[in-house]
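Subject: Handover of a structure and a summary of its features

Dear colleague,

Please find below the structure that I am handing over to you. I would be grateful if you could read it alongside the notes that come after it.

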Amino acid sequence: MELASAENDSNIPIRQIGETFEISAFGENGEGEVIWDKPISVRVDSVQVADDLQLIDQGDLPEEWKNAVGTDGKLVDNKISYIKSGNGTNSLDEVIKTEDTKQKLVYVTATYTNNTDEEIDHLQYLGSLVLMEQENGEYHAYDPQLQSEEQYDRMIWDGVARMAEMTYHSVSDDENGKNYIPSLKSGESIQVHMAWIVNENDLKNMYLNLSGDGASVEISADMRKVGVVDIRQ
């Protein structure tokens with residue numbers, strides 16, 4: 001797993017667990033026409049962090065997570081390699097350092113509410129985790145690679161830790177599959193669960209992005225508009 005490059009931006013709303021805020025719906029109306037700018041609301045009800053996968057029904061366990069648990073039932077450590085790139089001619093890529101870090105399950109419960117005056121079908125919900133830090137009252141994307149004293153070009157690891165699109169989601173749509181709510185009537189709410197496996201040392205800088213846009217170390221235009229939820233541990 002490699003990390004992307006970072007971008008900086010200080011103007012971003014910081015939401016709290018339990019706070020309700022608006023996002024734009026992406027789905028279809030009753031005529032099958034695409035809806036992408038209707039206002040719906042979302043609230044993060046709770047965030048749980050665990051060192052095993054007991055919060056998830058084992059029948060719904062993502063395939064890539066099935067080998068992420070050791071004989072003790074806990075998530076196995078993630079081996080991180082720090083690599084200095086060669087020039088492809090006179091030098092090869094070199095692993096200059098390795099270290100092990102614990103992996104943790106981040107399990108989010110959120111409620112979506114249809115605030116429009118019409119039913120929304122095939123409503124997509126999408127969460128990603130973004131790393132940020134605050135300095136002098138401003139928020140910036142946080143790239144672990146830039147914080148290290150080691151002289152390396154990239155990090156890779158052999159674990160399943162991911163922070164972009166959620167790997168686990170509890171509600172799916174028979175027509176679209178994956179992270180779609182089949183139908184949400186006007187005024188109706190539905191609770192969903194999302195989950196990621198992450199590196200433990202990233203928890204202190206972790207925010208939840210529900211705008212449907214952005215990367216783990218990038219602040220997008222949609223994030224600046226919608227904001228992110230503070231889920232730091």
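The notes below go from the chain as a whole to individual strands and residues.

Please bear in mind throughout that this is a predicted model.

Overall picture

The chain has 233 residues and a radius of gyration of 19 Å, which agrees with the value near 17 Å for a compact globule of that length. Along the principal axes, its C-alpha atoms fill a box of roughly 65 × 45 × 35 Å. The secondary structure consists of two helices and 15 strands. Of the contacts with a separation of 6 or more, 75% are between residues 24 or more positions apart.

As for the surface, 45% of the 233 residues count as buried. The chain exposes about 11800 Å², and carbon and sulfur atoms supply 39% of that area. There are 18 positive and 45 negative charges, and the mean positions of the two groups are 5 Å apart.

Strand E6 and its partners

Strand E6 covers residues 103–114. How many of its residues are buried? The count is 12 of 12. In a regular strand, side chains alternate between the two faces of the sheet. In E6 both faces are covered. One side carries Gln103, Leu105, Tyr107, Thr109, Thr111 and Thr113, and the other carries Lys104, Val106, Val108, Ala110, Tyr112 and Asn114; all of these are buried.

Which strands pair with E6? Strand E3 (residues 34–50) runs antiparallel to E6 and is joined to it by 10 bridges. Within this pairing, Ile40 has Asn114 of E6 as its bridge partner. Strand E13 (residues 189–199) also pairs with E6 in the antiparallel sense, over 11 bridges. Here Lys104 stands opposite Val198, and Tyr112 stands opposite Ile190.

Lys104 may be of interest to you as a charged residue. Is Lys104 buried or exposed? Its relative accessible area is 14%, and the limit for a buried residue is under 20%, so Lys104 counts as buried. Beyond its neighbours within four places in sequence, Lys104 is in contact with Val49, Ala50, Asp51, Leu75, Trp196, Ile197, Val198, Glu200 and Leu203.

Strand E13 and Ile190

Strand E13 also pairs with strand E11 (residues 168–169), antiparallel and through two bridges. His169 has Met194 of E13 as its bridge partner.

Ile190 lies in E13. With a relative accessibility of 22%, Ile190 counts as partly exposed. Apart from its neighbours within four places in sequence, Ile190 is in contact with Ala110, Thr111, Tyr112, Val171, Ile181 and Leu184; Tyr112 is also the residue that stands opposite Ile190 across the strand pair. Gly59 is 131 residues from Ile190 along the chain, and their C-alpha atoms are separated by 22 Å.

The five-strand sheet

An open sheet with mixed pairing has five strands in the order E1-E15-E14-E8-E9. Strand E1 (14–15) and strand E9 (138–141) stand at its edges; each has a single partner strand, so one side of each is left without a neighbour in the sheet. At the E9 edge, strand E8 (residues 128–135) is joined antiparallel to E9 by four bridges. Met132 stands opposite Ala141 in E9.

At the other edge, Ile14 is found in E1. Ile14 counts as partly exposed, at 21% relative accessibility. Its contacts, leaving aside neighbours within four places in sequence, are Glu19, Met132, Tyr139, Tyr207, Val228 and Asp230. Ile14 and Trp36 are 22 residues apart in sequence, while their C-alpha atoms are 23 Å apart in space.

A point of backbone geometry

His122 is found in strand E7 (residues 120–124). His122 has a positive phi of about 50 degrees although it is not a glycine. At 14% relative accessibility, His122 counts as buried.

With kind regards

Conventions:
Residues are numbered from 1 along each chain as its sequence is written. This is a predicted model: local features need pLDDT of at least 70, side-chain atom pairs count only at pLDDT 80 or more; totals for chains, interfaces and linings use all residues. Side-chain values use heavy atoms; hydrogens and water are left out. The radius of gyration is taken over C-alpha atoms; the globule rule is 2.2 Å times the number of residues to the power 0.38. Buried means under 20% relative accessible area, exposed over 50%, partly exposed in between (1.4 Å probe, protein chains only). Contact means heavy atoms within 4.5 Å. Accessible areas come from the Shrake-Rupley method with a 1.4 Å probe; for residues, only the protein chains shown count as cover. The place of a charge is taken as NZ of Lys, CZ of Arg, CG of Asp or CD of Glu. Two strands pair if DSSP finds at least two bridges between them.
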